[in-house]
Amino acid sequence: MQWRRGVLAVTAALVVSACGTATGEAPVPAAVSGADLAKVTLKVGDQKGGVKSLLTAANLLQGTPYKIEWATFTSGPPLLEAASAGAIDTGRVGNTPPIFAAAAKAKIKVISVSRSNVEREAVLVPPDSPLQNAAALKGKTIGVAKGTSAHGQLLNTLHNNGLSTKDVKLSFLQPSEAYAAFTQHTIDAWAIWDPYTAQAQLEAHARVLADGRGASNGLAFLTASTAALADPGRNSALRDFAVRVVKAQKWADTHREAWAQAWAKETGLKIEVARKAVEAGRDLPIVLDDGAVASEQQLADAFTDEKTLPGKVDFAAFVDRRFGPDLDQARSNG
């Protein structure tokens with residue numbers, strides 16, 4: 001019950017104290033009263049097997065002092081487009097979508113970070129593929145969702161094997177489209193993440209040609225629109241929501257079977273797929289420190305060097321650490 005007490009303590013703090021000042025930001029809005037917070041509706045973007053099912057499984061959607069509206073997206077880039085446009089307030093994405101959003105001058109910030117098992121970020125090939133290593137991808141067609149974490153992992157995988165994206169043919173497909181193309185052999189390889197990695201391995205007997213070790217930092221970010229961060233009510237709701245996500249991630253790591261069951265129920269995944277993805281190790285919250293920012297900057301620079309992005313991205317300008325103390329406490333309390 002310790003994690004529940006921690007969430008309640010943070011929720012109570014929202015209505016009695018003002019926030020600090022965010023780096024590179026205008027002064028953070030003061031916290032609002034409980035009555036005003038009850039009038040807030042936080043619009044949350046989600047992906048398959050994402051934050052909603054995680055919070056539900058951890059019983060952390062109970063008693064939120066604000067309302068939540070959910071919207072589902074196929075991947076991170078369209079989620080961040082919606083956030084920048086003001087259609088949603090927050091959402092969790094992989095390491096690459098914020099870089100593309102930053103390049104497009106999107107009105108978003110990253111507000112917390114976690115790290116996953118990079119072995120589950122993979123370049124897959126069919127079981128009968130003649131390809132035996134990543135260097136053999138030269139001249140081949142690879143399915144990937146543009147601007148996703150898989151795009152970043154693929155970029156570095158190619159670089160690590162003396163190739164660039166100019167040496168292959170990228171077929172930009174969302175996961176469901178790519179899975180169909182993969183099983184129909186209209187692409188030679190597929191760069192993807194869990195639970196799709198697990199699904200392809202179990203249902204299509206996919207083989208891992210290369211994984212994220214040495215090619216991915218494994219980071220994923222909770223993001224927020226700048227409009228939501230500037231609004232007193234939504235800023236207070238975001239603080240509470242970010243803490244709940246941290247608590248839920250810690251819960252899932254120690255309740256893997258319960259998390260797999262909930263994930264399968266929420267998404268329609270086969271339980272075997274959910275278990276395989278969960279047992280490999282999911283996201284754990286870490287500090288949004290200078291090291292994480294520098295790692296993202298390196299990835300951004302790699303995309304710029306490939307001329308995938310129009311110019312240099314200053315990733316630090318899209319980082320907001322205002323919730324750092326609350327998230328630190330959530331990680332420590334468990």
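These are my notes on the salt bridges in this structure, which is a predicted model.

**Entry 1, the count.** I started with the total: the structure holds 16 salt bridges. I then went through a few of them.

**Entry 2, Asp211 and Arg213.** I looked up this pair and found a salt bridge, with the closest N and O atoms 2.8 Å apart. Next I checked exposure. Aspartate 211 comes out at 14% relative accessible area, so I put it down as buried, the limit being under 20%. Arginine 213 has 53% relative accessibility and counts as exposed.

**Entry 3, Glu257 and Arg275.** Here the side chains meet in a salt bridge at 3.0 Å, N to O. What does this pair tie together? Glutamate 257 sits in helix H11 (residues 256–267) and arginine 275 in helix H12 (residues 271–279), so the contact ties together parts 18 residues apart in sequence. I noted glutamate 257 as partly exposed at 36% relative accessible area, and arginine 275 as partly exposed at 34%.

**Entry 4, Asp301 and Lys312.** I found another salt bridge between these side chains, 3.0 Å from N to O. The pair links distant parts of the chain, 11 residues apart: aspartate 301 belongs to helix H13 (residues 290–305), while lysine 312 is in the loop between H13 and helix H14 (324–333). Aspartate 301 is partly exposed, with 22% relative accessible area. Lysine 312, at 62% relative accessibility, counts as exposed.

**Entry 5, a network.** Last, I looked for shared partners. Which residues do such salt bridges join into one network? I got Asp89, Asp231 and Arg234.

How values were computed
Residues numbered from 1 in each chain as written. Predicted model: local features only at pLDDT ≥ 70, side-chain atom pairs only at ≥ 80, totals over all residues. Heavy atoms only, no water. Buried < 20%, exposed > 50% of the residue type's maximum accessible area, 1.4 Å probe, protein only. Helix = DSSP H or I, 4+ residues; strand = E, 2+ residues; numbered from the N terminus.
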